[in-house]
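Hello,

Here is the structure I promised to pass on. Please have a look at it first, and then read on for my notes.

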Amino acid sequence: MTLRRFRSRRATVDLALVVPMSGSAGIFGPSCEACATLAVEDINAVGGILGRPVRLHPVDAGAPPPVLAAQIDRMVSRGMIDGVVGWHLSNARKAITPYTAGRVPYIYTTFYEGGEDSDGVYMVGETPDQQLFPALRWFRAELGVRRWCIVGNDYVWPRETARATWEFTDSTDIDVVGEVFVPLGGRDFSAALDLIRRSPAEGVLLFMVGADCAAFNRAFAAAGLDYDRVRLSMMIGEDVLYAGGPDSARGLFTACGYFESLVSGAGMAFGSRYTARFGQLAPALNNIGESCYEGLLLFASLAESARSLDVRLIERGAAKVSYGGPRGEVRVRGAHTTQPVFLAGADVMDFTVLADLTGL
């Protein structure tokens, strides 16, 4: 019996939900799982996917990449899953794609460094040209910030995003004046703080993950560097703000496609339903968790449009796919999606949306 036949005879659509449950990004896991649960309940309430209810199989994206790759390969090879959806780091994505390419659809829900072209992979999140570069233009035009230092974790996304940032600034009057990378899970920020203190940088680009970002923000504020320098953090949600504490929020900004504080009908309705479903003590609702909700909506929309879970049939019809969700109208363009992107500033323990970066 072929795997395709095995899958087609199942009464359910089974998806691996690959989200971090451990490691530096583990802080995001609870909100990812909660938002994915809400998405599945919403999808199943209207008939599931292709008339079949959806089931999630959580997988820890914080596992070592070879372990993660072997688990996904085993699940695909045994016909246990019809696809993969999730928010996880780029090193996890690069471990997974060889075992999903051409076999099952794979929805990667986070912003990333760009360049992914594996067969059957679709990207919910923003690339630097949609998110980071418009934010840098905004800081230059609105606050006059021209010189930046880069501080990142030492893996694929920060390294590649830093390289793209250097290339972007070559054609502008914006300058990157230095960079330093810290191992995932590392807590020795002395080299980064020294670089920032000695440099002429007016701002710091943070390409750091979860708990590492929160720890760096505390160290940055404790060093007194937050009085005359801004920070633009590209992987931060309310949970990271809480972990950093109120004293670390001065001059902290981020940019992404969703904020709980964004005043829009779709976004506010989603926040209300999330709270009603999980209660006041639910995991902090943030752009990272919400992206898993988007990813499942995208998977359902792709499969329904193709009337199939087959990678080839989905690819043929993907250009016609769009859906409405908490971020508004989202359309598929190639392997990516188009959506609004917003800049927000930290207001103690919340984010206040300051600008729509779309088109900047």
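Before the details, one definition helps: two strands count as paired if DSSP finds at least two bridges between them. Please also keep in mind that this is a predicted model.

By that rule, β11 pairs with β12 (residues 328-333): 4 bridges join them, and the two strands run antiparallel. If you would like one spot to look at, Ser322 has Arg331 in β12 as its bridge partner.

These strands belong to an open sheet of 3 strands, ordered β11-β12-β13, with antiparallel pairing. Each of β11 (322-325) and β13 (336-338) has a single partner strand and stands at an edge, so one side of each is left without a neighbour in the sheet. From one strand to the next, the twist averages 35 degrees. As a general reminder, strands of a sheet pair through backbone hydrogen bonds.

What lies across the sheet? Helix α11 (residues 287-306) lies across β11, β12 and β13, and runs at about 145 degrees to β11.

Now to the nonpolar cores. The largest one has 106 residues, and Phe216, Leu232 and Met235 have the most contacts inside it. Helix α11 turns up again here, giving the most to this core with 10 residues. Around Phe216, leaving aside residues up to four places away in sequence, the residues touched are Val151, Phe189, Ala192, Leu193, Ile196, Leu206 and Met208. Another core, of 18 residues, lies apart from the largest one; among its members are Val18, Val59, Ala61 and Val121.

Happy browsing, and best wishes!

Methods:
Residues numbered from 1 in each chain as written. Predicted model: local features only at pLDDT ≥ 70, side-chain atom pairs only at ≥ 80, totals over all residues. Heavy atoms only, no water. Axes fitted to C-alpha atoms, helices over the stretch in contact; angles between N-to-C directions. Contact = heavy atoms within 4.5 Å. Core = buried A, V, L, I, M, F, W, Y, C linked by side-chain atoms within 4.5 Å. Buried < 20%, exposed > 50% of the residue type's maximum accessible area, 1.4 Å probe, protein only.
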